[in-house]
Amino acid sequence: MPYKSCFALPALALRLLSLFAALLIVLSTSPLRAAEPKDSSVLLSTMTSELDRAFHALGHQPGADPTRQLPPYFMSYSVADAHQVNIRAEYGALISSADSHARIADIQIRIGSPQLDNTHGTHRASAVNSVVLPLTDDKEAIARSLWYATDAGYGNAIDNYLRVKTEAEVRAKEEDTSPDFSKEPPVVALQKPAPAIVLDRAAWEKRIRQLSAIFREYPDVYQNIVILSVQNETDYLVSSEGSRVVTPHVSARLVALAVTRADDGMDLFRAQTFEAETADGLPSQAELETAIHNLGKSLEDLRKAPVTVPFNGPAILSGRAAAVFFHEVLGHRLEGQRQRGDEEGQTFTKDIGKEVLPSFLSVADDPTLERYGKTWLNGTYTYDDEGQKAQRVQLIQDGILKTFLMSRLPIKGFSDSNGHGRAQTGRIPTGRQGNLIVTSTKTESDAELRKQLIEEAKKQGKPYGLYFEDISSGFAVTQRNSPQAFQVIPLVVYRVYVDGRPDELVRGVSIVGTPLSAMKSILATDDHPEVFNGECGAESGTVPVSAVAPAILLSNIETQRQPQGTARPPILPIPGSPVTDKAEAPNSESSLLGKKEAK
Amino acid sequence: MKRSIALLALCTTLVAPLCAAQATRADAEKDPVLAAMLTELDRSMSHLQLTGFQKPYFIQYRIEDVDNFQADASFGATTGIDRAHQRIARITVRVGDYKTDSSGGRGDSALELTSLDADPIALRSALWAGTDRAYKAALDSYAQKQAALKQVQTPPQADDFSHEKPVISLAPPATLQLDEQSWIARVAKSSGLYRTDPSLRAGEPDVQTCAGTFSARVTTTWLVNSEGTIVRKTASEYQQAFATSTQAADGMKIERSFASSGPTLASLDSEDKFNKHAVEEIASLTTLRNAPVVEEEYHGPVLLSADAATDTLASVIGSGVTASRPPLGTEARTTGPFASSLHTRVLPEDFTAVDDPGLTTYNGQALIGAYSIDDEGVPAQPVQLITEGKLVNYLIGRDPIRDFPQSNGHGRAGITGPPHSSAGVLKFTASDGKTDADLNQQLLALAKDRGQSVYYVETLGGPLVPRLLYKVSPDGKRELVRGAVLDDLDQRALRSSILAAGKDLWVANYFGDIPQSVIGPALLLDDVTIKRANEKNDKLPFYPPPN
């Protein structure tokens, strides 16, 4: 069999490669990345040699049918080597505590040419085939697993390429004739793999259990779950273009979710998440306890709050709410691939150079930013899932749309990746957000912003304006592949009365109308942006993201009452509540059978 | 009819000794899980009622503590290690009465993950949440049931729920204890035999998959119901499995696999025995690659080894002897192939079948399907199902069918699943069993008689898919063939086409959600169809494997 070493790259590629290696050293500042770029890992070397062997063997076998067994023009192996610890508690007790380790390889094979390949149109997923890899550095077993999955993936890629070609011949010319894959220089960046997870399991189990038990003080919280999830992952990528990238991703996340139901059947939930690089970086137990108490208290208040009535008028979104709003409503629509394809809304496709936001607002996505103030940003990464270096991208400058979030899928007018090709394991990367950062040049203090809200309401002849303190994170609503990904559900909304009455909490608010037009009605912002860390789901799967925004005052937002459930709240009080213990005390002695007869 | 009633009475007396060492509710309440379950059960039975609606007449809580371990390996290296420990509560609420209740539709039960800690409030909270949901769903189902009953002329053929005597039985809880590292290593080694065993070197490049798995599960179940039943019981099952595959030159997929399963670690094959078996299977890939494809279609005598025959009996007969409630408005007794077969012949006259979950070993082999109390809290009973070839009884849980108003302790449930009637240890015997040598001789005699080749099935891969199938010529020559599928191996064939059966019985331990053991003899059948499977032959690998 013809066997070529992976170093047998064209001269140009080699030159670029050393240039990138040099750049990497300059940029390596954080302790995690101050690694010696060593290439001794069995996993990486086996991936490299096996990829090279496959790339030069496929389509070049003696006796292969030249019309069907076409050689790939691009291949990559990316392996996610992930260690996880998950601890979960409900109702004040542990329900699971487990660790896991998995290595999954995504094999990408492209056949045809960058102009037209097997990923075209609706065939995008056909380039990726996944396989579970050995957890140990057993070269022979890793190579054999990669071979088996590559062979299967190649068959599928060929099949799809032939269908793409046929479809291209029978169909009218496409609106966007961009190629299917961008040309990018190879990247070599060998960072130090993620360290092993260091966690005092027993201590954290105790902490999570205690946090969940706080909800016992809020007997109307019918369900709660507190989860600690720590993940240390190293991603390895090698490609036939000569890229070799090793990137560590470490994160710790604590999620508290609580649910209640109003007497009229409306389900109400609140969730709060905390993120840090490691579990040690999470807030102290005392801070977490306060946050949980606030969640419990807020749900008890919410279930007694009056139901909203349809409203059309001014509103303030808190920084946290505005961050989610910008991520869901604006950020997703700026993903490159949404500007291409028959099934996309293409909201902003023709708006480059036009004003899409008030001129005092600018929006960038900057995955290279690790912290905003003191807050660690969940959407941080150094290289994207196509091995491209992460870049800060100025999407909107002074209200004017400049560009999109680009993966290696080109669109009309934008032929290159800008380091935003992201995907969950098993999916093909698409343009996604990392850290979306909204900045403003028209800032006011919170007090002034509130004053302006009241003035605007008066001007519009409304008895009150709305204050959105919390709207649901992507965490709760983004089902995979669901259009819900763009939806925002207000969770905590207050009426701010013009006549000086105290603010009033309302429930059941749902935003209607086009949220985008609401954005154009932003009048001012406050002066201290807030961070929302979360996980975002879309076609290419779930990826960690952050959004940062100041509170915003809008002249016009349209809301109505959200559809609600009809089920009654639980009939008996929750165990452990003062009411319950009183009601059941006389019964605990009597026997089951005795009681049945007594009925 | 009289006969089956007499049998039932007999079964009941057989079971009595099981309940002899009677534990009490006070004993049960020393267990924090049972104490929490009983407290919440009492509270729900006395107070749970939606104004204007009925109270529940029956509530049952079943909590399963499932301790799982699994190690997977491929091509000689570990690919996954999974240790999971969870407790799942299944809450069942019935509204109405034993004759007509809310059961049968979807959602008469609710599931909740629950506390691993001995925390009474957390345990009760999960039960409380599930009880509330299940009760509301039961009210809804009960209304639907009442409406559905008005739509049919024929009334239900049996009550909705059987009356059973409450049982209190407290087995000590169990935990999973094993040397994980040694099993991880064992599984990895087995999956690498294709490249480490010297005898397999030549065929190594053709091996496309070679995988091993070890699974262990220990379950402690706590069950209480409003009739007074309180049960704590345990179950364990272990399995080491192996699978390998290749393609023949014509693209045909060739697969071999086997498993060693049992209720204890000691009952599994030793590492040497297991690996020897694995080596034989890998070696057989080469033999099978070179074997001719089976003839296009064949009708005639087939000898099923005891291994293959037991799988066949399990799927063809085992699936028919379980009782389940027929659709509303019909006169059917039960569902399935034997719905109308009571007192008719389903096997030759010399056949007997008994399901006896109390049988823990057979011929020194531990039985994975044995249990003492079922998942509805009813003590397991031995059930004589087939006598002189005739079906005389069904395996039944607490869902009665016509003429069978009681459970015989066969209401079994998968983890988190609802109980349904299911076999435990199902044993088939033929009074006139022959030795393997005699059966082979008889098969050969048939070949000679008819002047044509006949077939011998050594092992099956699925209900009708032979993995090792031999063509036996009248001159006694045996030739391995590939690419076959069996046909017409159904209830009719087992009723009227069996010429002879074996004397030695095979034990099949089926590891799974509901572990079962089936014990049966080899079968010589007069008329079975064998034909080409004609499955899609995928392309051979586009490039060679690494070396």
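Biologist: Let's start with the helices: how do H3(B) and H4(B) stand to each other?
Modeller: Happy to begin there, and please keep in mind that this is a predicted model. The axes of H3(B) and H4(B) cross at roughly 40° and come within 9 Å. Angles under 35 degrees would count as roughly parallel and 65 to 115 as roughly perpendicular. The crossing of H3(B) and H4(B) is therefore oblique.

Biologist: Is the crossing of H3(B) and H4(B) left-handed or right-handed?
Modeller: The contact is made from the H3(B) side by residues including Pro32(B), Ala36(B) and Glu40(B), and from the H4(B) side by residues including Leu123(B), Leu127(B) and Trp128(B). As H3(B) passes H4(B), the crossing is right-handed.

Biologist: How many residues of the contact of H3(B) with H4(B) are nonpolar?
Modeller: Val33(B) and Met37(B) of H3(B) are among the residues that take part, as is Leu127(B) of H4(B). Beside three polar and two charged residues, the contact has a nonpolar group, and its count is nine.

Biologist: Now to the two chains: which element gives the most to the side of chain B that touches chain A?
Modeller: The contact draws 53 residues from chain A and 49 residues from chain B. On the chain B side, helix H3 (32-47), strand S2 (77-95), strand S3 (109-114) and helix H4 (120-149) each supply at least two residues. The element that gives the most, with nine residues, is H4(B).

Biologist: How many residues of the side of chain B that touches chain A are charged?
Modeller: That side comprises 49 residues of chain B. Its nonpolar residues number 21 and its polar ones 16. The charged residues of that side come to twelve.

Biologist: Is Ala129(B) buried or exposed?
Modeller: Ala129(B) sits in helix H4 of chain B. Leaving out residues up to four places away in sequence, Ala129(B) touches Glu112(B) as well as Tyr222(A) and Gln223(A). A residue needs 20 or more other C-beta atoms within 10 Å to count as buried. Ala129(B) has 22 C-beta neighbours inside 10 Å, so it is buried.

Biologist: How many residues of strand S5 of chain B are buried?
Modeller: S5(B) pairs with strand S1 (residues 56-74) of chain B in the antiparallel sense over 15 bridges. S5(B) also pairs with strand S6 (residues 230-247) of chain B, antiparallel again, over 16 bridges. S5(B) is largely enclosed by the rest of the structure, because of its 17 residues the number buried is 14.

Biologist: In S6(B), which residue is the bridge partner of Phe214(B)?
Modeller: On the S1(B) side, Tyr61(B) has Val224(B) of S5(B) as its partner. On the S6(B) side, the partner of Phe214(B) is Gln240(B).

Biologist: Which residue takes a positive phi in the hairpin of S5(B) and S6(B)?
Modeller: The two strands of that hairpin pair over 16 bridges. Four residues lie between the strands, and the positive phi, near 110°, belongs to Gly228(B).

Biologist: Is Asn363(B), with its positive phi of about 55°, buried or exposed?
Modeller: Asn363(B) is not a glycine, yet it has that positive phi. It lies in the loop between strand S10 (361-362) and strand S11 (365-366) of chain B. With 9 other C-beta atoms within 10 Å, Asn363(B) is exposed.

Biologist: How far apart are the C-alpha atoms of Leu499(B) and Leu525(B)?
Modeller: Leu499(B) belongs to strand S21 (residues 498-510) of chain B. Beyond its neighbours within four places in sequence, Leu499(B) is in contact with Leu524(B), Leu525(B) and Asp526(B). Along the chain Leu499(B) and Leu525(B) are 26 residues apart, while their C-alpha atoms are separated by 5.4 Å.

Biologist: Turning to chain A, which strands stand at the edges of its sheet of six strands?
Modeller: The order in this open, mixed sheet is S13-S12-S9-S16-S24-S23. Within it, S9(A) and S16(A) pair in the antiparallel sense over five bridges. An edge strand here has a single partner strand, so one of its sides is left without a neighbour in the sheet; the strands at the edges are S13(A) and S23(A).

Biologist: And which helix lies across S9, S16, S23 and S24 of chain A?
Modeller: Chain A has eleven helices and 25 strands. The one asked for runs at about 130° to S24(A) and spans residues 319-330: helix H6 of chain A.

Note on methods. Residues are numbered from 1 along each chain as its sequence is written. Chains are lettered from A and ligands numbered from 1 in the order in which they are written. This is a predicted model: local features need pLDDT of at least 70, side-chain atom pairs count only at pLDDT 80 or more; totals for chains, interfaces and linings use all residues. Two residues are in contact if their C-beta atoms, placed from the backbone, lie within 7 Å. Ala, Val, Leu, Ile, Met, Phe, Trp, Tyr, Cys and Pro count as nonpolar, Asp, Glu, Lys and Arg as charged, and the others, Gly among them, as polar. A residue is buried if 20 or more other C-beta atoms lie within 10 Å of its own, exposed if 12 or fewer, and partly exposed in between; C-beta atoms are placed from the backbone. Two strands pair if DSSP finds at least two bridges between them. Axes are lines fitted to C-alpha atoms, for helices over the stretch in contact, and angles run from 0 to 180 degrees between N-to-C directions. Angles under 35 degrees count as roughly parallel, over 145 as roughly antiparallel, 65 to 115 as roughly perpendicular and the rest as oblique. A crossing is left-handed if the near helix is turned anticlockwise from the far one by less than a right angle, and right-handed if clockwise.
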